[in-house]
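Reader: Can you walk me through this structure? I'd like to hear about empty space inside and about helix packing.

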Amino acid sequence: MKNFENMMKPHFADKHLLGIEGLKEANITALLDLAEKKIEQSRRDTKKTDVLQGRTQINLFFESSTRTQASFEIAGKRLGADVLNMAVAHSSIKKGETLIDTAATLNAMQPDLLVIRHHSAGAVELLSQKVNCAVINAGDGRHEHPTQALLDALTIRRNKGKLARLTIAICGDILHSRVARSNIILLNIMGARVRLIAPPTLLPAGAEKMGCEVFHDMEEGLKGVDIVMMLRLQTERMQGAFIPSAREYHQFYGLTEKKLSYANDDAMVMHPGPMNRGVEIDSVVADSARSLIREQVEMGVAVRMGVLEALSNNWLSKNKGGA
Amino acid sequence: MSKHKIFYNARLIDPVEMTDSTGGMYIGDGKVLDIGSHVTRDYDAKIAVEYIDVKGQILAPGLVDMRVFMNGVGNQTLKNTGVSAAAGGVTSLMSMPNSEPIIEDIALVEYINGRSKSVSGINLYTSAALTQGLEGKQMAEIGLLKKAGAIAFTDGRKSVQNSLLFKRLLEYAKSHNALIIHDVEDKDLAGDGVMNEGLFASRLGLPSKPKIAETILLERDLALASLTKAKYHVSQISCAESLNAVIRAKSENAPITAGVSINNLTLNEFDIGEYRSFLRLEPPLRSEDDRMAMVEGIKNGDIDVIVSSHDPQDPDGKRHPFADAAVGAVGLETLLSAALRLYHSEGVDLPTLWRALSYNPAQILGLNVGYLKTNSPADFIIVDAEHSWKVERTALKSQSTNTPFENRILQGKVLATYIDGHKIFELGN
């Protein structure tokens, strides 16, 4: 009987999606499989279903974001949820109410799904402990951005047929990037080989102990690579504090056709967006046939639909089963 | 006047002679009248005395804590601080100037000194600001403040970044024979870091500060102290590299001493776990190797002082994500119990521990406390080193309960605290 119950359990049974860390290969595969099924739905003329009908989804963004918020909003709406966007300015939070008070207030509105982005690492987890609904981390500080890593994984899987044993280079501002962190963890779980290519000033402490090979040279680092993942370099970090200039950065770390030629012939290019064309990536590369950048955006909606549905089901089954 | 008392059958800890032996103590008129192995149940005091059986428990000097923050200087604050201190066996403490208002005014020093003992119930001394407004730009009135009764000069949590000013401060303080106590952190290297730099911070995605931020300013201070021969005490070191710098300076006879927070002796960065904001501390909790180096520093006497770094925070200040949460933790009540971990599990003997907790800080501050000899003040504590207790927030006497030891089991508890021979705290009351 016990074994049978185990077999019936969905492969992703968590209450929240706070990060990639702690997930197992089967959990990730289950989420990717579910997301894969959602791609078709978004390509139809009639995109809406009633999977989440009657459910309330609140997108709570303490840090402004256009793309991620839109992606979560569309994902929720295509599944039939009532979606509400709440932008909370950083300053008003700092002045008044504590994060825990905010959580209590929201919780009283009885949402079913909370999508949260916050400038502080650990903030989403803190909120998840204080509410009674599913919480999805849409980015917390430099910590994690799990749906981005999942959408990247889905994009890679669709183009390369697998994740295991691929060699994937993540290039650029690793230090400040939650996208890099979630991707490093996910790709390691899935058995890919991860390389980091960045100047020493943009690498986190202990990077070489995170299951990655570290390079400071694009030519060396891109050799034999199947996927080149570029990261965004924030404008305020281009002016001398971390690297001397945007011009110099482009010279050594910007992805040009020439640098891409060091990678495998069938290597593909990714970028979480928004791009600084001419800084970390050349337009010729970004718009080439080897670029998966637009596909990443499409997969973003599919992955978020999958995650919303999975979490909603997990809460439903919990309430029904009384377990 | 209360009756003279004889405490017998005690385990006497003497941080001067460095002994741990059975004996007793005879007190009267607020002073120690006799102490040693010859003070027993049969001791002939020549007058009527009360005999108290200590039942083999520790009898030792009350602790002297040279790093305690108070939010203000009002009666309630003084009282609360005294209550927490007494419960933790701290009989003398020095408050830091980082209160509201900042302690940089002669009248304020006199105001505190004039009533601190009567209101707090303990020996409460105040330090004063080293620089005006603790801003690290201009000297505070060191000479006048010292005359008014400030026992040391410090900017508390803040470090003087300007090397020229710091050199002048040392030179000037020396001419007044004043002690400078300094926190060491290079502001630029520390940046917006909130925990120790390393793999664990990278995993948590928290901005971090490297150990070199501490060491580089410490090295500067030590070089300047050695140059000026001024009395310098580094308030809290936290890593092996800093300890090495202190050892080197001492071997070159620089007039320096060093302290460490009880937190850096008993906790490491992994205790932060999943963003526990009560563990947001300065200096940040470091690696286990650094913690062990700090313990070695105490064992070998290279680190002179253990402080509680008692820093009460409003509960709301801690109800934030880690990086946004207020810094600091209460520590007076748990200081000794936590320090006894070093005795129970790290091979530090009790006289060595007491040296860092009572005798050395008193000597550095120039206070005639921290030891028990004939004619010294009868400031002492009775301690059950084995008593296990769980640190529950509701069990603390402090108004603020932001303890990093929450829900931990500590071994060792103060049974009673005496000041001038008067019992001001007894466990269970």
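Author: Cavities come up below, followed by one pair of helices. This is a predicted model, where local features need pLDDT of at least 70, side-chain atom pairs count only at pLDDT 80 or more, and totals for chains, interfaces and linings use all residues. Residues are numbered from 1 along each chain as its sequence is written, chains are lettered from A and ligands numbered from 1 in the order written, and side-chain values use heavy atoms, without hydrogens and water.

Reader: How many cavities of 30 Å³ or more?

Author: Three. A cavity is a set of points on a 1 Å grid over the protein atoms alone where a 1.4 Å probe fits but cannot get out; lining residues have an atom within 4 Å of a point.

Reader: What volume has the largest cavity?

Author: About 130 Å³, as the space filled by probe spheres set on the grid points, joined across faces, edges and corners. Among its 15 lining residues, Glu282(B), Ser309(B), Asp311(B), Val327(B) and Gly328(B) are the closest to the centre.

Reader: And the second largest cavity, which residues line it?

Author: They include His310(B), Glu333(B) and Thr403(B). The space is about 40 Å³.

Reader: Now helices. At what angle do H7 and H8 of chain A pack?

Author: H7(A) (residues 146-160) and H8(A) (residues 178-189) pack at about 55 degrees, with axes 8 Å apart. Helices are DSSP runs (H or I, at least four residues), numbered from the N terminus. Axes are lines fitted to C-alpha atoms over the stretch in contact, with angles from 0 to 180 degrees between N-to-C directions. So H7(A) is oblique to H8(A), meaning not under 35, over 145, or 65 to 115 degrees.

Notes: On a 1 Å grid over the protein atoms alone, a cavity is a set of points where a 1.4 Å probe fits but cannot get out, and a pocket is an open set with protein on both sides within 12 Å along at least five of seven lines; lining residues have an atom within 4 Å of a point. Helices (H or I, at least four residues) and strands (E, at least two) are DSSP runs, numbered from the N terminus.
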